[in-house]
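User: Hello! I am new to this structure and would like to understand the terms used for it. Could you walk me through them?

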Amino acid sequence: MIESKFFPNKIIQVFALFLSSLISVFPFFIIFKIDELSNSDLLKTLWFILVNSTFIIFTWFINFRRKQKLELHFEITRFKYLYLMLFVVLIFQVGINIPINNILEQLWPISTKPNYTREGLYIALGAITIGPVFEEIIFRGIILKGLLTRYSVKISILLSSLMFGLIHLKPVQIWGAILLGLFFGFIYFKTKSVGTVILLHSFANICVLVFKYFQDSFNLTYFDLTVSVLLSVSSSIVIFFIIRRLITDLKIEFFNN
């Protein structure tokens, strides 16, 4: 078997790309100063765009030198199953992620109050556009694609999902991002469509933003522990059966791979 020349296809290569991207945009920190960057959501967004754009450019250049194509398919495929995919994301976010995170945030109150100023609205818009586009291109369209050329499907999806979760940094967000990453990776593996997972990722963020908005606007109380557990268990069961349906409909031997 001829080893794939696609870059990156090793964990060390992924970390090298991230490190190179951070070093390349370091002058941005010098210009705006680290303390100013940490206090401005707009500057954080600009930094996010710079780092991720640099990552993609480096990847394209290295693969160009290796005569490898960085093909990103943005068309949405398997459209007739899209409603099931969206339903999984909706149930996970509303029935598992949000309730559990509400409990975690009560135990470790680290999140800030939602910002509904103009800058906050720009950030919310970025969360459903810029964030999903860059993160899915990188973690599914580049990292997962490369890992699949070297490792098994399960290992590749798991590794890319772990990295996807860890880049969220906040402890209350990591576990949910990892689980969503597993689902996005599974969908990408079958569809090879970056566009499909971008749509799912954007919808996942919309679910959280809409819930948080109504929760704050109408002074909705947080879920208590008992309700959160019951809601999470019941939602997990529903998601299990939907994913089984998806596996059957998409006709793949995922668990045997």
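User: What makes the pair R140 and E136 a salt bridge?

Analyst: Happy to help, and please keep in mind that this is a predicted model. The side chains of R140 and E136 meet at 2.7 Å, N to O. A salt bridge asks for a Lys or Arg side-chain nitrogen within 4 Å of a carboxyl oxygen of Asp or Glu, so this pair qualifies. In the whole structure, a search finds 2 salt bridges.

User: Why are R140 and E136 separated by about one helical turn?

Analyst: Because they are 4 residues apart in helix α7, which covers residues 130-147.

User: Why is α9 called roughly parallel to α11?

Analyst: The axes of α9 (residues 171-191) and α11 (residues 225-250) cross at roughly 10° and come within 12 Å. Angles under 35 degrees count as roughly parallel, so the name fits α9 and α11.

User: Which residues make that contact?

Analyst: From α9 come F183, F186 and K190, while α11 brings I243, L246, I247 and L250. Sorted by class, the contact has 6 nonpolar, no polar and 1 charged residues.

User: Which residues make the nonpolar surface patch?

Analyst: L225, V229, V233, I237, F240 and F241 make it, with an area of about 590 Å². One of them, F241, lies in helix α11.

User: How do you know that the peptide bond from F7 to P8 is cis?

Analyst: Its omega is near 0°. P8 itself sits in the segment before α1 (11-24).

User: What makes K67 worth pointing out?

Analyst: K67 has a positive phi of about 60° and is not a glycine. Most residues other than glycine have a negative phi, and most peptide bonds are trans. You can find K67 in the loop between α4 (41-65) and α5 (82-107).

Note on methods:
Residues are numbered from 1 along each chain as its sequence is written. This is a predicted model: local features need pLDDT of at least 70, side-chain atom pairs count only at pLDDT 80 or more; totals for chains, interfaces and linings use all residues. Side-chain values use heavy atoms; hydrogens and water are left out. Axes are lines fitted to C-alpha atoms, for helices over the stretch in contact, and angles run from 0 to 180 degrees between N-to-C directions. Helices (H or I, at least four residues) and strands (E, at least two) are DSSP runs, numbered from the N terminus. Angles under 35 degrees count as roughly parallel, over 145 as roughly antiparallel, 65 to 115 as roughly perpendicular and the rest as oblique. Contact means heavy atoms within 4.5 Å. Ala, Val, Leu, Ile, Met, Phe, Trp, Tyr, Cys and Pro count as nonpolar, Asp, Glu, Lys and Arg as charged, and the others, Gly among them, as polar. Patches are made of residues with over 30% relative accessible area and no salt bridge: like charges are joined within 9 Å, nonpolar side chains (Val, Leu, Ile, Met, Phe, Trp, Tyr) within 5 Å. Accessible areas come from the Shrake-Rupley method with a 1.4 Å probe; for residues, only the protein chains shown count as cover.
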